[in-house]
Amino acid sequence: MHSLTPRVRLFSRRLPGHTVIAVRGELDIATTAALRDRILTLLKDMTTPLIIDLSGVSFCDASGLRLLVGTQRRARLHGVTVALAAPRPHVRKLLRITGLDHAFAIHATVAAAQRSHAHAPHSSAA
Amino acid sequence: MTEETAARPASVSDVRDVVTVRLPADSAYLSVLRTATAGLAARLDFNLDEIEDLRIAIDEACAMLLAQAVPGTDLTCEFELTDDAMSISVSVLTVDGLEPSRDTFAWTVLSSLAGDVDAEVGVDDRVTIVMNKRRGKTS
């Protein structure tokens, strides 16, 4: 049965002035709990803006949206801003349906998110 | 997972094309059900956008039901296919016998993507979510 669990992967890159977390795979109630734990761990010592690269998310439901909202809420407690990058059309549609497109900065590409959110390297020593 | 198909010949005027999928009430099987749903929707010539709507809708409905499912029981999905629509009924035996809360992201997503949606609680605390998605109607 365990082989049926849809796989989801998370890659994080800590760069000067920001961090990029890329999620790849399917976000549903079977996969979000483990991701949440990993993201919360990464947030613990994060001090610069977080960009979540959604380009590899092939499926997302409300549990995926809750993961994003929970991440943003926790990040705010640390003074970290969160931006979303490169959501596929249906993820963007869900963000719009739920009104979350007003709660997040959403960028078409990771590069665009970096231009808007990354701290300049010299100011990232917070 | 068991799959039963009851399809009468297409020449019969009152043709009723029904597919029932029964699977363990466990989130690990949601991806399988999404795939089955996409396959059935493709059979009705739903477009890719509509198919994705249905994949998300069935997932949301099941996720809501799994939250209160009696452990070790099955989730039953009945798909009724007509010329231009798919009616899906998802049900599970529940611990609490409560209709899903409509004040959630999940219900917002479900009702936006699935067309007509309703929920009911049966006498044995079986909770059923019924949705009806018509082809060629933007959500």
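**Close-up 1. S3(A), H2(A) and S4(A) form a right-handed β-α-β unit.** What you're looking at here, and in the other views, is a predicted model. The two strands of this unit, S3(A) and S4(A) (residues 82–85), run parallel and are joined by four bridges. To get your bearings, find Leu50(A), which sits opposite Val82(A) in S4(A).

**Close-up 2. S2(A), H1(A) and S3(A) also build a right-handed β-α-β unit.** S2(A) and S3(A) pair up in the parallel sense, with eight bridges between them. Leu50(A) in S3(A) turns up again, this time facing Thr19(A). S3(A) is largely enclosed by the rest of the structure, because nine of its 11 residues are buried.

**Close-up 3. The largest cavity has a volume of about 40 Å³.** Around it you'll find Arg36(A), Ile39(A), Leu40(A), Leu67(A), Gly70(A) and Thr71(A). Helix H1 (32–43) and helix H2 (62–77) of chain A are the elements that each give two or more residues to this lining. It's a mixed bag chemically: three nonpolar residues, two polar and one charged. The structure holds two cavities of 30 Å³ or more, and the other one gets its own view below.

**Close-up 4. The second largest cavity encloses about 30 Å³ of space.** Val23(A), Leu27(A), Ile39(A), Ile52(A), Leu54(A), Leu67(A) and Leu68(A) line it. Strand S2 (18–27), strand S3 (50–60) and H2 of chain A each chip in at least two of those residues. The lining has seven nonpolar residues, with no polar and no charged ones. Ile39(A) and Leu67(A) may look familiar: they line the largest cavity and this one too.

How values were computed: Residues numbered from 1 in each chain as written. Chains lettered and ligands numbered in written order. Predicted model: local features only at pLDDT ≥ 70, side-chain atom pairs only at ≥ 80, totals over all residues. Heavy atoms only, no water. 1 Å grid on protein atoms, 1.4 Å probe; cavity = no way out; pocket = protein on both sides within 12 Å on 5 of 7 lines; lining within 4 Å. Points joined across faces, edges and corners; volume = space filled by probe spheres on them. Nonpolar A, V, L, I, M, F, W, Y, C, P; charged D, E, K, R; others polar. Buried < 20%, exposed > 50% of the residue type's maximum accessible area, 1.4 Å probe, protein only. Pairing = 2+ DSSP bridges. Right-handed = clockwise from strand over helix to strand, strands pointing away.
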